[in-house]
Amino acid sequence: MNSWPHEQCEHLVHYRVLIADDDADLLELLSASLCHSGATVVQATTGAELLEHVAEDLPFDLVITDVSMPWMTGLHVASSMRTAGLEVPLIIMTGLTDRSLADRVRLLGEHATLLRKPFGTVQLHRAIASLLPQVGCADESESERSPDSV
């Protein structure tokens, strides 16, 4: 994954983003990309840490979480957030091929989207722009699976 290209998206200055993934390399790539655009990023490596940050460190403008993580899945935490009335935009990432995941993410409401791994910066930009339209990512003609997939 390349860093967030400034010519593609406006800066994410003043945005607080919580990113959760137990893959340390992917977590660092995503964090660096969003930090490079000006976002304040908080990281979690387990479902427990994700839940702790949601409970103690709100508000976040965006939560990006993997489905499969130790202790509690990102999807369980996202469902708990919705049950508690938190409508924070969510990007749910997964490398799993389970077709029911799309339906489960859809149940989280209109402020949630599924992003299947591997994905590139274009797909990440589109997912963020779909949830935070004020970010204003430009549309690109790049293919859906770019060579810089993660």
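**Note on the predicted model**

1. The chain contains five helices and five strands, and this count, like every value below, is read from a predicted model. Followed along the sequence, these elements alternate in the pattern β-α-β-α-β-α-β-α-β-α, with a strand at the start and a helix at the end.

2. Of the 150 residues in the chain, 48% are buried. Among the contacts with a separation of 6 or more, 61% are made by residues 24 or more positions apart. The accessible surface of the chain comes to about 7,300 Å², and carbon and sulfur atoms account for 53% of that surface.

3. The count of salt bridges comes to four, and a reader new to the structure may wish to begin with the one between lysine 117 and aspartate 21, whose side chains meet at 2.9 Å, N to O. Lysine 117 lies in the loop between strand 5 (112–116) and helix 5 (121–131), while aspartate 21 lies in the loop between strand 1 (16–20) and helix 1 (24–36), so the pair ties together parts of the chain that are 96 residues apart in sequence. The two partners are covered to unlike degrees: lysine 117 counts as partly exposed, at 22% relative accessibility, whereas aspartate 21 counts as buried, at 0%.

4. Lysine 117 also forms a salt bridge with aspartate 66, and here the closest N and O atoms are 3.2 Å apart. This pair again links distant parts of the chain, since aspartate 66 belongs to strand 3 (residues 62–66) and lysine 117 to the loop between strand 5 and helix 5, 51 residues apart. Aspartate 66 is buried, with a relative accessible area of 5%.

5. A further salt bridge joins glutamate 87 to arginine 82, with 3.8 Å between the closest N and O atoms. Glutamate 87 counts as partly exposed at 46% relative accessibility, and arginine 82 counts as buried at 13%. As for the salt bridges that share partners, they join Asp21, Asp66 and Lys117 into one network.

6. Alanine 44 is found in strand 2, and at 0% relative accessibility this residue counts as buried. Not counting residues up to four places away in sequence, alanine 44 touches Ile19, Ala20, Asp21, Leu27, Glu49, Leu50 and His53; Asp21, in this list, is also a partner of lysine 117 in the salt bridge described above. Between the C-alpha atoms of alanine 44 and methionine 69, which are 25 residues apart along the chain, the separation is 10.0 Å.

7. Threonine 46 sits in the loop between strand 2 (40–44) and helix 2 (47–56). The side chain of threonine 46 reaches the backbone nitrogen of glutamate 49 at 3.0 Å. When neighbours within four places in sequence are left aside, threonine 46 is in contact with Met69 and Pro70.

8. Helix 1 has 13 residues, which at 1.5 Å a residue should span 18 Å, and its end C-alpha atoms are indeed 18 Å apart, in agreement with that expectation. Its buried residues are Leu26, Leu27, Leu30, Ser31, Ser33 and Leu34. Seen down the helix axis, these buried residues fall within an arc of 165°, so they line one face of helix 1. They pack against strand 1, strand 2, strand 3, strand 4 (90–94) and helix 5.

9. The two ends of helix 1 can be described as well. At its start, a side-chain oxygen of aspartate 23 comes to within 3.0 Å of the backbone nitrogen of aspartate 25. Helix 1 is followed by glycine 38, whose phi is positive, near 105°.

10. Helix 5 has 11 residues, and nine of them are buried, so this helix is largely enclosed by the rest of the structure. The buried residues are Thr121, Val122, Gln123, Leu124, His125, Ala127, Ile128, Ala129 and Leu131. Their packing partners are helix 1, strand 3, strand 4 and strand 5. The packing of helix 1 against helix 5 thus appears from both sides, with helix 5 listed among the partners of the buried residues of helix 1 and helix 1 listed among the partners of the buried residues of helix 5.

Technical notes:
Residues numbered from 1 in each chain as written. Predicted model: local features only at pLDDT ≥ 70, side-chain atom pairs only at ≥ 80, totals over all residues. Heavy atoms only, no water. Helix = DSSP H or I, 4+ residues; strand = E, 2+ residues; numbered from the N terminus. Buried < 20%, exposed > 50% of the residue type's maximum accessible area, 1.4 Å probe, protein only. Contact = heavy atoms within 4.5 Å. Areas by Shrake-Rupley, 256 points an atom, 1.4 Å probe, with all protein chains shown as cover. Polar contact = N/O pair within 3.5 Å; in protein donor to acceptor, adjacent residues only side chain to side chain. Expected span 1.5 Å × (residues − 1). Arc of directions from axis to C-beta.
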